[in-house]
Amino acid sequence: MPIAIGVAKQLRVKKETTLNVAPGATGAQLLRRVTSEFSLAKQTYQSSELRPDYQIADFRHGGRQVSGQINGELSCLTYADFIASALRGSWAAGATTGSLTNVTAAASAPHFTRAAGSFLTDGFKIGDVVRFSGWTTTAAANNARNYRITALTATQMTVTDLNGPGTTVAAKAAGDSVTCVVAGKKVLVPQTNQLNDSYYFEEWHPELPSSERFGGCRVGQVELGLPATGMATIGVQFLGIDMSTAGTAYFTSPNNATTTGVLAAVNGKLRVGGLDVATVTQLQIAINANLSTAQVVGSNVSPDVFPGSVVVSGSFSAYFEDGVLRDNFVNEDEIGIFAHLTADNSNGAPFMGLYMPRVKLGQSQKADGQQGIVRSYTFQALVPATGGAGVANDLSTIIVQDSQVP
C-alpha cells in the first residue's frame, strides 16, 4: 500500500461563492508552497458519571472546525488573493496621469514636476511605485523604471529608484508626451463595504489516491518575513468550518501554479522614519483578521467564521548607528515604514510594496556582543488621521502593491 509523500501532494484552492459550499469543480488554482497543513479539529467531552466500577463509560466528539497553515516563499501574485482577504479589500488599479506634455524631470533631489494639474487629484500616494513611459532621447532611461514616491505635492513627485543604492532620473525639460502610472494594483483596508471572502481547499494525494477537502476557510492571519539574507517568506493561517474526504479529486484541470520570481529582502528598498536604511537586519509584519467561530445547539459546525478588527503589527531589528530610532521609541514618535522587494535587479523588475504610513514603536531592546550592536523594536501600525482622495497618503494601516496583479 503506498504512503503519501509531501512532494506529490497538490494544494488546490478556489474562492467560494457560498460559505462552506464547494464551488464549481473547474477554475481552481494550484498553489506553490513550502508546507501546507490543513486539519479538522474537534472538541471532545466525556461522561462525568460516578460509577461503582470506577471507570468512564462514554466519550464523544463535539464541535468541529478546520485549521490551516500555508508556508511559502513570497512571490508576486502567488498569494495575492489571501493578502487581499486578510485586509478585507480587493485589488484595484492605481492612479495614472494620462498623457502629459508639461512634465520636467530633474536629476538633483530626483523628482518630476508638472506645470499644471495635480498628482494628488490624480490619486498618487506616497509609497506608490510608479513607472513612466514616453520619455525620449536623453531621458529615455526614465521609461519603465521602478520609482518609489517618497514625497508628493500637487505639482512635484519626489522619487527613489528601487534598483540599486542611488536614484537615476535623467533630466529633461518639458515637451515629451509622457504618462505616469502606478504599477500593477494595490489593496488596502477599505473604509466601508469590507469583504468577507472564504475559500475551498483540496489536498490531493494522487499516489493513494485520496482527496481531503476543507470548506468555509477564511484568512485569519498573514505573516511576512524579510530576513537580511535569504528568501522573503509568507505564512497564511486559515480558520474554516468543516472537512470531507473522497477517493477522487474534486477540482478538475486546476490552473497551473504561478511562476513569478521569489522576492528577497536584499533586493529593493526599505525606508523607516523618512530615511532609506541599509542597516535593518530583519523585518516581520503580521496582519491579523481576528477570526472566531461559535458553537450552536443542533449542529456540530459553526454557522460562520466571524471577522474582527484588522490588526497590523510586527518587529524589526537594526544596527545601532545613531539614536534616531531609539529616540522615536522614547518619544513615542509616529513614523512610516516602507518595504519594497524586487524579484531581480532589473530597472523594471517585478516587485511587491508594503507601506505602513503611521507606526508607533512599542518595545526596544539592545543586544550586546563582539559583533555590531543590534537594537530590536516591536511596532503597531495605526490608521492615519487623514488620508484618501486628494491627500498624499491612503487611509489604511497598511497598503500592499503588487506589480504582477492583473
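1. Let's start with the open sheet: 6 strands in the order β6-β7-β10-β9-β8-β11, with antiparallel pairing. Its edge strands, β6 (103–106) and β11 (179–182), each pair on one side only. From one strand to the next, the twist averages 35 degrees. Strands here are DSSP runs of E with at least two residues, and helices are runs of H or I with at least four, numbered from the N terminus. Two strands pair if DSSP finds at least two bridges between them. The twist angles run from 0 to 180 degrees between N-to-C directions, using axes fitted to C-alpha atoms.

2. Bear in mind that this is a predicted model, where local features need pLDDT of at least 70, side-chain atom pairs count only at pLDDT 80 or more, and totals for chains, interfaces and linings use all residues. Residues are numbered from 1 along each chain as its sequence is written, and side-chain values use heavy atoms, leaving out hydrogens and water.

3. Now zoom in on β8 (residues 129–133), which pairs with β11 in the antiparallel sense over 4 bridges. Arginine 131 has valine 181 in β11 as its bridge partner.

4. Helix α1 (residues 80–87) is mostly covered, with 7 of its 8 residues buried (under 20% relative accessible area, 1.4 Å probe, protein chains only; exposed is over 50%, partly exposed in between). Phe82 and Ile83 are among them. After α1 comes arginine 88, with a positive phi near 60 degrees.

5. Finally, have a look at alanine 339 in strand β21 (residues 334–342). Alanine 339 counts as buried because its relative accessibility is 2%. Its contacts (heavy atoms within 4.5 Å) include Leu226, Lys269 and Met352, not counting residues up to four places away in sequence.
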